Number of protein chains: 2
Amino acid sequence: METSTPIVTALDRAGYRLTAPRRSLALLIADQPGHFTAAELVADARARRLRIARATVFRTLDVLEGLGAVERLDLPSGEHGYVVCEGAHHHHHVVCSRCGRTDEIDDPRLRLIVRDAARRTGYRVDEHRLELFGVCPACLASQTRPSRRQHLTQP
Amino acid sequence: METSTPIVTALDRAGYRLTAPRRSLALLIADQPGHFTAAELVADARARRLRIARATVFRTLDVLEGLGAVERLDLPSGEHGYVVCEGAHHHHHVVCSRCGRTDEIDDPRLRLIVRDAARRTGYRVDEHRLELFGVCPACLASQTRPSRRQHLTQP
DNA sequence: GGATTGTTGAGACGCTGTCTCATTCGTGAT
DNA sequence: ATCACGAATGAGACAGCGTCTCAACAATCC
């Protein structure tokens, strides 16, 4: 029974070993409805009785970020979150601050803005980051309370 | 002897008390050459024999961020940095990853991008953030070592 | 000057992310 | 299938960040 996720594939292709903790994490990540934090993965792993050390979660997330399979977000709260990235192309995200859902955005005009800013300021720009925060269509429709991650609100 | 910085003025106008620690911090912040972290302020305060509690630094930075006198950056390293903001208008920053210098950028086209992304995804976008990282003109010119704050990320 | 109330200092606290090092286990070769 | 090698893991220590509490203090208004 091989439930091979894109993450496992990416790890394999990059020459990383397909260990049990990595497979488990790949499944956990695939189940995340939106963005997630390292701590949430640790909690989910515990809940499913998967024994994965905290250090392994961080290490794996680092690897995945390096592969572009996952991207790190800086949430307005100051936390570090992660999102799975489908394509390997450069893109950015809109994040729902209510349910945590994220969607990808990609606008060719951004490239122009970055280029012109570099020209105007004289910087050599190596990297840029655009993040939008708001409320997703679903949460807008149902003006209710957060719909997921009830376990986070428990003592 | 009243050396009144813009930060002190902003605090005053917003109805906050002008205490000694806040005045000291205003001076420390005004002296920062580029972006800075809470820990750096604490260190600078110690170096100048100013007694300011760590908690006060965090609290004051929170207040200043609320006033828009300062903005929080999420550096690629994962650290949280701050920059002073001159105008009250919405803008973004280019950050030099070598010396820590920052400059403001403001492009009207970004507003269009955000608006269109909102339209396309159906989100109500409340907030957005654009950060550019690279090397400033001065550091480009002198391809030398970092001129200040060697603990900042080196190439 | 005195009262009021926002602010501070000090330290405890919980959390994040890193590191070490002995042990385990994928993997490719045999 | 077995083996040997080196990558990866687990467990826990560790350092740093940011928050909180609470008694003591002091800026402001009267």
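The legends below describe three close-up views of a predicted model.

**View 1. Helices H2 and H3 of chain A pack against each other.** Two packed helices are described by the angle between their axes and the distance between the axes. In chain A, helix H2 covers residues 20-30 and helix H3 covers residues 38-47, and the two pack at an angle of about 105 degrees with their axes 10 Å apart. That angle makes H2(A) roughly perpendicular to H3(A), because angles of 65 to 115 degrees count as roughly perpendicular. From H2(A), the residues A:Ser24, A:Leu25 and A:Leu28 meet A:Leu41, A:Asp44 and A:Ala45 of H3(A). By class, this contact of H2(A) with H3(A) has four nonpolar residues, one polar residue and one charged residue.

**View 2. Residues of chains A and B surround DNA strand C.** DNA strand C is surrounded by 23 residues, of which the closest are A:Ala39, A:Ala55 and A:His80 together with B:Ala53 and B:Thr56. The elements that give two or more residues to the surface near DNA strand C are H3 and helix H4 (54-67) of chain A, along with helix H2 (20-30) and helix H4 (54-67) of chain B. The residues of this surface divide into eleven nonpolar, six polar and six charged.

**View 3. Chains A and B are related by a two-fold axis.** Two copies of a chain are related by a rotation about an axis and a shift along it. Here chain B can be laid on chain A with an RMSD of 0.1 Å by a turn of 179 degrees and a shift of 0.0 Å along the axis, which is the relation of a two-fold axis. Of the residues of chain B, B:Leu130 comes closest to the rotation axis, with its C-alpha at 2.2 Å. The copies meet through the same surface, because 100% of the interface residues of chain B are also interface residues in chain A.

Methods: Residues are numbered from 1 along each chain as its sequence is written. Chains are lettered from A and ligands numbered from 1 in the order in which they are written. This is a predicted model: local features need pLDDT of at least 70, side-chain atom pairs count only at pLDDT 80 or more; totals for chains, interfaces and linings use all residues. Axes are lines fitted to C-alpha atoms, for helices over the stretch in contact, and angles run from 0 to 180 degrees between N-to-C directions. Helices (H or I, at least four residues) and strands (E, at least two) are DSSP runs, numbered from the N terminus. Angles under 35 degrees count as roughly parallel, over 145 as roughly antiparallel, 65 to 115 as roughly perpendicular and the rest as oblique. Two residues are in contact if their C-beta atoms, placed from the backbone, lie within 7 Å. Ala, Val, Leu, Ile, Met, Phe, Trp, Tyr, Cys and Pro count as nonpolar, Asp, Glu, Lys and Arg as charged, and the others, Gly among them, as polar. A residue is near a molecule or strand if its C-beta atom, placed from the backbone, lies within 6 Å of it. Copies are superposed by least squares on the C-alpha atoms of residues with pLDDT of at least 70 in both.
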